[in-house]
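Colleague: Could you pick one part of this model and walk me through it slowly? A little of the surroundings would help too.

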Amino acid sequence: MPSVSSKEVTMPDNLAVQIEDLSISYKINIEAKKTLKNALMRASRGERIRTKTVEAVKNLSLDVPHGSVLGIVGANGAGKSTLMRSIAGILPPTSGRILVNGKISTLLALGVGFNKALSGRDNIILGGLAAGMSRDEIESKTETIAQFADLPNGFIDMPVRTYSSGMYGRVAFSVAVNMTPDILLVDEALSAGDAAFKEKSFNKIRELCQEARTILIVSHALSSLNELCDQAIWMHRGQMLDSGKPEEITDKYLKFLNVGELPSSYEDL
Ligand SMILES: Nc1ncnc2c1ncn2[C@@H]1O[C@H](COP(=O)(O)OP(=O)(O)OP(=O)(O)O)[C@@H](O)[C@H]1O
Ligand SMILES: [Mg+2]
């Protein structure tokens, strides 16, 4: 039976994440319309609901040492977010095993988990509670996080549903990076907010990298990955196609995309 972690299984001390032969499939219902008529017609023909299985991650094995910064590249639909969600424990493996050693903080789809009726500040407190922080810790952190998000005109005390997507991104980013995680998972969040906040968030990530925290970053901002990461992997159709030094991997990936090494393809900051 697949499991995210198991008491009997131990992992080497130097590793933050150990992934063994991981596969994750999604089962999709491909029925055109879920109507009673369709269901009756199907039943009269003796048919079952048609489903399709998408293998989003296939036989992937990966060791991530403590203190390393791993970049993950790959085309849309390659399985990057699926991999991140499974490491975060949100998505169980279909087969294989994921072991994690440390406190995880995630920055997956921006702001997922925010309660839109509550203010930004209340969501920060909720985030702290969810991360298992004590009351004192949360109190001391809330102001830091609110200040880091630096929303205009008292927006931090307004309901999150009134936020622009950039404001949303700012708060989500601030919460994730200020929870002092051992392992930080960042999925496409380097571009949260406007140019000023992008620079600030990039610097914060760089700071965390220097604090020897373990960070996994999914991004299409290849030059950022080259600067931040000490290792990179290239995912292609659910599989790990290549791994190595970030420059080598992003270079190969760019060539594959047939874009060349034009400065414009190094978008981001
Ligand atoms: N909830 C879901 N249900 C069904 N299929 C899904 C689901 N989420 C992702 N998939 C499929 O799994 C595959 C991998 O998707 P995933 O989101 O992991 O890709 P990605 O590498 O993060 O892509 P992107 O660069 O666009 O973010 C795709 O074929 C996608 O269609
Ligand atoms: Mg994705």
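**A close look at two helices**

Modeller: Sure! Buried residues make up 38% of the 269 residues in the protein chain (buried means 20 or more other C-beta atoms, placed from the backbone, within 10 Å of the residue's own; 12 or fewer is exposed, and in between is partly exposed). Keep in mind that this is a predicted model, where local features need pLDDT of at least 70, side-chain atom pairs count only at pLDDT 80 or more, and totals for chains, interfaces and linings use all residues. Residues are numbered from 1 along each chain as its sequence is written, and chains are lettered from A and ligands numbered from 1 in the order in which they are written.

The chain has eight helices and nine strands (DSSP runs numbered from the N terminus: H or I of at least four residues, E of at least two). Let's zoom in on helix 4 (residues 135–149) and helix 5 (residues 165–177), whose axes come within 8 Å and cross at roughly 140 degrees (axes are lines fitted to C-alpha atoms over the stretch in contact, with angles from 0 to 180 degrees between N-to-C directions). Helix 4 and helix 5 are therefore oblique to each other (under 35 degrees is roughly parallel, over 145 roughly antiparallel, 65 to 115 roughly perpendicular, the rest oblique). Who touches whom? On the helix 4 side you'll find Ile145, Phe148 and Ala149, and they meet Arg170, Val171, Ser174 and Val175 of helix 5 (contact means C-beta atoms within 7 Å). Sorted by class, that contact of helix 4 with helix 5 has five nonpolar residues, one polar and one charged.

For contrast, try helix 1 (residues 36–44): zero of its nine residues are buried, so helix 1 lies largely in the open. Right after helix 1 comes Gly46, with a positive phi near 70 degrees.

Now some strands. Strand 1 (residues 15–29) runs antiparallel to strand 2, and 11 bridges join them (strands pair if DSSP finds at least two bridges). Across that pairing, Ile28 stands opposite Lys52 in strand 2. There's an open sheet of three strands here, in the order 2-1-4, with antiparallel pairing. Its edges are strand 2 (51–65) and strand 4 (95–100), each pairing on one side only.

Further along, strand 8 (residues 231–236) and strand 9 (residues 239–244) pair antiparallel over five bridges. They make a hairpin with two residues between them, and Arg237 in the turn has a positive phi of about 45 degrees. Look there for Trp234, which stands opposite Asp242 in strand 9.

Definitions and conventions. Two residues are in contact if their C-beta atoms, placed from the backbone, lie within 7 Å. Ala, Val, Leu, Ile, Met, Phe, Trp, Tyr, Cys and Pro count as nonpolar, Asp, Glu, Lys and Arg as charged, and the others, Gly among them, as polar.
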